[in-house]
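This report goes through one protein model, starting with a single residue and ending with the chain as a whole. Keep the sequence and the 3D view open while reading.

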Amino acid sequence: MSATIKTMDIKQVDLLTPSMLMENDLIGFGGDIVRVISIESDGTGDNYSISYEDDYGDKDVITFAYTDMIPLFVLIEDEE
């Protein structure tokens, strides 16, 4: 039986507007990659408040305009 080590890489795969994001997406901003917890738009649809969690488990909210482009990341599994 051979030992297999699986590693995960993070790769940017797209740029999305806030309205295209979904819960649990991995997004990048300010040099960090975080997990989306929830997305709420204001009454006009011009601004989106995105709750997120970072690698340390800290949670916060950031606001994006509807025209902002946000990097979307995915985890890619490598076998060595």
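## Two serines, a core and the overall form

Ser-41 has a relative accessible area of 44%, so this residue counts as partly exposed, since partly exposed covers the range between 20% and 50%. The model is a predicted one. Ser-41 is part of strand S3. Leaving out residues up to four places away in sequence, Ser-41 touches Asn-47 and Tyr-48. Ser-41 and Tyr-66 are 25 residues apart in sequence, and their C-alpha atoms are 8.9 Å apart in space.

A second serine, Ser-51, is found in strand S4. Is Ser-51 buried or exposed? Its relative accessibility is 19%, and because buried means under 20%, Ser-51 counts as buried. Residues up to four places away in sequence again left out, Ser-51 touches Arg-35, Val-36, Ile-37, Ser-38, Asp-60 and Val-61.

The table sets the two serines side by side.

| Residue | Strand | Relative accessible area | Class |
|---|---|---|---|
| Ser-41 | S3 | 44% | partly exposed |
| Ser-51 | S4 | 19% | buried |

Next comes the nonpolar core. In soluble globular proteins, nonpolar side chains tend to be buried together. The largest nonpolar core of this protein has 11 residues: Leu-16, Leu-21, Ile-27, Phe-29, Val-34, Val-36, Ile-50, Tyr-52, Phe-64, Ile-70 and Leu-72. At least two residues of this core come from each of strand S2 (26-29), strand S3 (32-41), strand S4 (47-53) and strand S6 (70-79). One of the core residues is Leu-16. Apart from neighbours within four places in sequence, Leu-16 is in contact with Leu-21, Asp-68, Met-69, Ile-70 and Leu-72.

What is the secondary structure of the whole protein? There are 0 helices and 6 strands, and the pattern along the sequence reads β-β-β-β-β-β. The radius of gyration is 15 Å, while the globule rule gives 12 Å for 80 residues; the value is well over the rule, so the protein is more spread out than a compact globule. The C-alpha trace spans about 60 × 25 × 20 Å along its principal axes.

Of the 80 residues, 26% are buried. The accessible surface comes to about 5600 Å², and carbon and sulfur atoms account for 48% of this surface. Among contacts between residues at least 6 apart in sequence, 47% join residues at least 24 apart. The protein carries 4 positive and 18 negative charges, and the mean positions of the two sets are 8 Å apart.

Notes. Residues are numbered from 1 along each chain as its sequence is written. This is a predicted model: local features need pLDDT of at least 70, side-chain atom pairs count only at pLDDT 80 or more; totals for chains, interfaces and linings use all residues. Side-chain values use heavy atoms; hydrogens and water are left out. Helices (H or I, at least four residues) and strands (E, at least two) are DSSP runs, numbered from the N terminus. The radius of gyration is taken over C-alpha atoms; the globule rule is 2.2 Å times the number of residues to the power 0.38. Buried means under 20% relative accessible area, exposed over 50%, partly exposed in between (1.4 Å probe, protein chains only). Contact means heavy atoms within 4.5 Å. Accessible areas come from the Shrake-Rupley method with a 1.4 Å probe; for residues, only the protein chains shown count as cover. Lys and Arg count as positive and Asp and Glu as negative; His and the chain ends are not counted. The place of a charge is taken as NZ of Lys, CZ of Arg, CG of Asp or CD of Glu. A nonpolar core is a set of buried Ala, Val, Leu, Ile, Met, Phe, Trp, Tyr and Cys residues joined through side-chain atoms within 4.5 Å.
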